[in-house]
Amino acid sequence: MRLRVPGPTPVPPRVLRALGQQVIYHRSSEFKELLHDTAAMLQPLFGTRTANPIVLTSSGTGALEAVLANSLRPGDRVLTLDNGHWGARFGRLATSLGASVEALSSSWGGGADAEALRRRLSAPDGGEFVAVLVAHNDTFTGAVTDLAAISDVVRDTSALLVVDAVSSLGCLPIEVDAWGLDLVVSASQKGLMCPPGLALVTASEKAWRRIDKVDPRGEYFDLRRARDMAAQGQATFTPAVNLVRALHEALRMVHETGLTQTFARQAHLGRALAAGVAELGLSLYPNADVASPCVSVLRVPEGVDAAKIVATMRDRYGTQIAGARRSRLDGTVIRVGTMGYCRPDDIRLDVWQLAGAVQEQGHVVDVATAIAATERELEEVAA
């Protein structure tokens, strides 16, 4: 099955080879060096020279819950920026930990609204929020939030800016130091081209000051212990050793390509898919100025069933794309991942197969025009 969902994403052969090596002892000097080098290679992706990334054996959701559990007390007031599925879900995680959560809603298909946030935090009770939660790249709406603009509003307040970057790290620039991002969470299975199972966390000095004042809310996800162990090149408990090997190899690939080239390539691949499928009558759901290069969220033409497109892609072509189950967009859009180990030939095949899938429902398309539109964008992608 060809995997073209917004995560998990395909894993490159050299990363699979690293994953398949013999297990080593997690307290050995060899693993200590491996973990140290992995954290060092992660720093440029997070845009930090000051924060030491912590590698956790967990899903991204586990790490999101961990940063909230370590920085919030029951009853703390939290503001979540609800511009899509993951911003709303972030608020639910905080609620489950006993926080008093307020949602600042903006329209789906756009980024979180920095000016609305400024007005809310300027209100008489706006200074009482302990944290502001934001999802960088919403894979259900395909919209990217301008983290720099959000940070400009939050950084000089007492609130922590907590960022879900699970689907954006490695695909989009993130500048922890320059933008003043307090807690940032990502994971291994999307832009970083690895299997699921590792989560990544950076914390600012502002965040650590808060965390150090909050009573531990558990043993496994105690970030203070994880910080202290990471400083020694160790994990707190037994980590997924071979997933760390795989991540190390994937990060080597990213740095061999270069971050600037990686981000440019990602943007061109996203635009190539959007250009090709536009000729098939599949239009981008998000506003064009915030459309994600990591995932294409596409409205289906009138009279075409989104679920049937997903089924045809799977059953006829052996390609797994996604619908939008669990969200208000269910039945109206399809979602195709372009993050991580995605190549020009993947985009070409996506367009050709999607043409067949919409034609199967009686929608007339010009496949040659669609392919030509795709090729014009792919000319800009390095091989």
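# A tour from the H2–H10 packing outward

Begin by selecting helices H2 and H10, where Glu30, Phe31, Leu34, Leu35, Asp37, Thr38, Met41, Leu42, Pro44 and Leu45 in H2 meet Val241, Val244, Arg245, Leu247, His248, Leu251, Arg252, Val254 and His255 in H10. Keep in mind throughout that this is a predicted model. In general, two packed helices are described by the angle between their axes and the distance between the axes. Here the axes of H2 and H10 come within 9 Å and cross at roughly 40 degrees, and the two helices are therefore oblique to each other. If you look down the line joining the axes, the crossing of H2 and H10 is left-handed.

While H2 is still selected, pick out Ala40, which is found in this helix and which, at 37% relative accessibility, counts as partly exposed. A distance drawn from the C-alpha of Ala40 to that of Arg2 should read 32 Å, for two residues that are 38 apart in sequence.

Next, extend the view from H2 (residues 29–46) to the strands beside it, since this helix lies across S2, S9 (183–187) and S10 (198–203), and runs at about 65 degrees to S10. These strands lead into an open sheet of seven, ordered S2-S10-S9-S8-S5-S3-S4, with mixed pairing. Strand S2 (54–57) and strand S4 (100–105) stand at the edges with a single partner strand each, so that one side of each is left without a neighbour in the sheet. Averaged over this sheet, and with direction ignored, neighbouring strands are turned by 20 degrees against each other.

Inside the sheet, select S5 (residues 131–135) together with S8 (residues 160–164): the two run parallel and are joined by five bridges, with Leu133 having Val162 as its bridge partner in S8. Moving along to S3, you will find six bridges to S4, again in a parallel arrangement, and Leu79 standing opposite Glu102 in S4.

How many of the residues of S3 are buried? Six of the six are, so S3 is largely enclosed by the rest of the structure. In a regular strand the side chains alternate between the two faces of the sheet. Colouring S3 by face shows that both sides are covered, with Arg77, Leu79 and Leu81 buried on one and Val78, Thr80 and Asp82 buried on the other.

Now display the largest nonpolar core, which has 50 residues, and among which Leu81 and Leu117 touch the most other members. At least two residues of this core are supplied by each of H2, S3 (77–82), H5 (114–122), S5, H6 (147–154), S8, S10 and H10 (241–257), and the largest share, nine residues, comes from H10. Centring on Leu117 and leaving aside residues up to four places away in sequence, you will see that this side chain's residue touches Leu79, Leu81, Leu104, Val132, Ile150, Val153 and Val154. A second, separate core of 32 residues can be shown beside the first selection in another colour, and includes Ile54, Val130, Leu160 and Val162.

Finally, turn to another open sheet, of three strands in the order S11-S12-S14, whose pairing is antiparallel. The edge strands here are S11 (283–284) and S14 (333–337), each of which pairs on one side only. Selecting S12 (residues 295–299) with S14 brings up five bridges in the antiparallel sense, and Leu298 can be seen opposite Ile334 in S14.

Definitions and conventions:
Residues are numbered from 1 along each chain as its sequence is written. This is a predicted model: local features need pLDDT of at least 70, side-chain atom pairs count only at pLDDT 80 or more; totals for chains, interfaces and linings use all residues. Side-chain values use heavy atoms; hydrogens and water are left out. Two strands pair if DSSP finds at least two bridges between them. Helices (H or I, at least four residues) and strands (E, at least two) are DSSP runs, numbered from the N terminus. Axes are lines fitted to C-alpha atoms, for helices over the stretch in contact, and angles run from 0 to 180 degrees between N-to-C directions. Contact means heavy atoms within 4.5 Å. A nonpolar core is a set of buried Ala, Val, Leu, Ile, Met, Phe, Trp, Tyr and Cys residues joined through side-chain atoms within 4.5 Å. Buried means under 20% relative accessible area, exposed over 50%, partly exposed in between (1.4 Å probe, protein chains only). Angles under 35 degrees count as roughly parallel, over 145 as roughly antiparallel, 65 to 115 as roughly perpendicular and the rest as oblique. A crossing is left-handed if the near helix is turned anticlockwise from the far one by less than a right angle, and right-handed if clockwise.
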